[in-house]
Amino acid sequence: MAGIRDREKRHFPLQQIQDVVNLFKDQFSDSDEPNLAFLSIVLGSIEHILTVNRAVPYNRDASKCIEPIFPVIQLDTIQALFTKFVTLVKSSVDLTQYPGDFATRELVKRVSDVIWSGLTRAYYKDKAHLQSLYSFLTGNKLDCFGVAFGVVAAFQVLGYKDVHLALSEDHAWVVFGKDLKETAEVTWHGKGNEDKRGQPITVGVSEKNWLYLNGQPVICSREIEVAAIVSAINPSINATTDSVEMGALQQELLWQLYDMGHLDKYPMALGNLGDLEELCPTLERPLPVQIFDKAIESAKTYYNEQHVYPYTYLGAYHCRKGNYREALKAWADAASVIKKYNYTREDEEIYKEFLEIANDLLPNMMKSVAGENASRLHGTSLLHDPEAYANFLRFYDGICQWEEDSPTPVLHITWAKQLVFSLGKFDPKVRNYIDIHGEGEEDEEEEEEDEEEEEEEDRRDLERKVPQKEVTKGRKRKRSHKNSENGDEYETKDC
Ligand SMILES: FC(F)c1nnc(N2CCN(c3ncnc4sc(CC(F)(F)F)cc34)CC2)s1
C-alpha cells in the first residue's frame, strides 16, 4: 500500500468543498485503488471541525446569519494521522506468519483485534461522528460500521486486495479469500449482544434473517467502500441543526459517485442522496422520487427484492409531502419484503421502523385525511379509494406474515388498537370493490381461466368444421393489476 503521494498532496491545503471533490475525483482517476484510510481521515477531520468542534466566530449581531465557513485542512495534519494508522497496523501484524496473497480467517480475526484493542473501554457506541478513522485515531472511538470499515482499510494498508466490506441494512462484516467466498464477523451488533468476531456468516445464520438480508448484502468494491464512508458522513451538529457545508459536501460527493456508477448497487446510498435532494435540490438533477425509484430498481436487480429500506425511504418522503396514497403503496411494498423474513431479537431497527409507520405515521395520516371535508364529500378521499384500502390491508398482511414462524412476537395490543383505529377510518363501501386472494388461490383461478381458454379453442375448432349460429363467450375477466412486486394480487373492479 503506497503512502500519501503527490496525487494526494497536490490538493492541499483543502479550503473549499470543490477541493475535496477534486481530491476524490483524483482518487478514481487511475488504476491504483482509492486510499480508504486517507479518505476516511480527510472526511472525519472536516466533519469534526464543521459539527463537533465548530470554532465558528460567534456572530454577535444575530441579524446576520453566520457566513458559511469551510475549515482549512492542512496536509501535515492528515499525513500525521495516516502515518499513525499505517504504523499501528504494520507493527501489530507480522505478515511473515501469513504467507499467500489471500487473507485467512486467523489474520482477519487478528486485524479485527488490532482495531478492537485501539478502542477506549467504555463509550456511547451509537453517538454521532464515530464512523471515521479520524475518530479512531484522535479519540479511540468507533461505531459498529467504523470498526468494520477500519478492518478493511487496515487490510488495504497491508496490501491485501481480497478483503472487502459487506453491508446489510443494520450490520457490517467482511468477505475475503478466493472469489470472496469467505465471510467473517469483525464488529459487534446492537446492545447486549455478545460479539461474534471471527465467526463466518453461514447460510443457516443469514437465511430468512433481515440482519443479514437473507444472503443479499451489499458486497463492496473499493469504490463502493468509498461510497460507504461518504454515505456515512453525518452532517448533524445537534438534534435539531445540521451543518449546511457538511451536507453540501456529502451531496456533491454522492453525485460524483453516482455519475461514476458507484451507487448502482448501493440502494441505501441512493436513499441518502434522495433525502439530501429533498432538503436542497440540485439543478438539473433527478427528483427525489426518481432517486428513490432507482434505489428500488437496484434492490430488485441486484438483491432479489430482499431490501426493505428502499421502500421506507420512499414512503417516508411521500408521507412528508402529504402524498398519502403513494406512501401507503410504498409501505405495503416494504411489508411485502419484510414478510419474507422471520423476526428475531437483533432486528430492533426494522421493528422500530414498522412500529412508527403502523402506530404513528399511518394513524396520523388517517386522522388528517378524515378531517378533509372537501375530498370526503366528493368521494375522492383516500378513505373511499379501494386501491388505498388494498395497500392498507397488504401492509398489515405483510406484518402478520413477518410474525408467522418467528421466534419473537411482533404484534401487541397497541398494534391492534391502531389497526382498528386506522381501518375504521375507511368508508365501509370501499370493501365492496376489492377481491382478496393470496398467491396460491390465484394459481387456481389461473388454472380455471386456462381451462376456459382450452374449451374456447375447442369450440373455435368445432365451429371451423361445423359453422353454428353463435358461440358462448368465455367469462369476462375482471381487471386485475399487480399491486405489488411479489405476485400478491388484490383485484379491484371498476368502481
Ligand atoms: F427512511 C428510512 F428508510 C431510512 N432512513 N435512513 C436510513 N438509513 C440511514 C443510512 N444507513 C446506511 N446508509 C448507508 N450505508 C449503510 S450500511 C448500514 C449498516 C451498518 F451501519 F453498516 F451497520 C447502514 C447504512 C442506514 C439506513 S433508512
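**Pockets and a strand pairing**

The largest pocket is lined by 48 residues, and those nearest its centre are Asp143, Phe145, Glu169, Asp170 and Glu349. The model is a predicted one, and the points below take up its two largest pockets before turning to strand β1, which spans residues 164–167.

**The largest pocket**
- The space in the largest pocket comes to about 1800 Å³, and its lining is made up of 20 nonpolar, 13 polar and 15 charged residues.
- At least two lining residues come from each of the helices α7 (144–157), α9 (222–231), α11 (267–279), α13 (309–321) and α15 (348–370), and α11 contributes the most, with 6 residues.

**The second largest pocket**
- The second largest pocket holds about 270 Å³ of space and has 15 lining residues, with His48, Val52, His129, Leu130 and Ser135 nearest its centre.
- Its lining has 4 nonpolar, 8 polar and 3 charged residues, and the helices α3 (36–52) and α6 (133–139) each provide at least two lining residues.

**Strand β1 and its partners**
- In a regular strand, side chains alternate between the two faces of the sheet.
- In β1, His164 and Ala166 point one way while Leu165 and Leu167 point the other way, and all of these residues are buried.
- Strand β2 (residues 172–176) pairs with β1 in the antiparallel sense over 4 bridges, with Val175 of β2 as the bridge partner of His164, and a hairpin of 4 residues links β1 to β2.
- Strand β4 (residues 218–219) also pairs with β1 in the antiparallel sense, over 2 bridges, and here Ile219 of β4 stands opposite Ala166.

Terms used
Residues numbered from 1 in each chain as written. Predicted model: local features only at pLDDT ≥ 70, side-chain atom pairs only at ≥ 80, totals over all residues. Heavy atoms only, no water. Buried < 20%, exposed > 50% of the residue type's maximum accessible area, 1.4 Å probe, protein only. Pairing = 2+ DSSP bridges. 1 Å grid on protein atoms, 1.4 Å probe; cavity = no way out; pocket = protein on both sides within 12 Å on 5 of 7 lines; lining within 4 Å. Points joined across faces, edges and corners; volume = space filled by probe spheres on them. Nonpolar A, V, L, I, M, F, W, Y, C, P; charged D, E, K, R; others polar.
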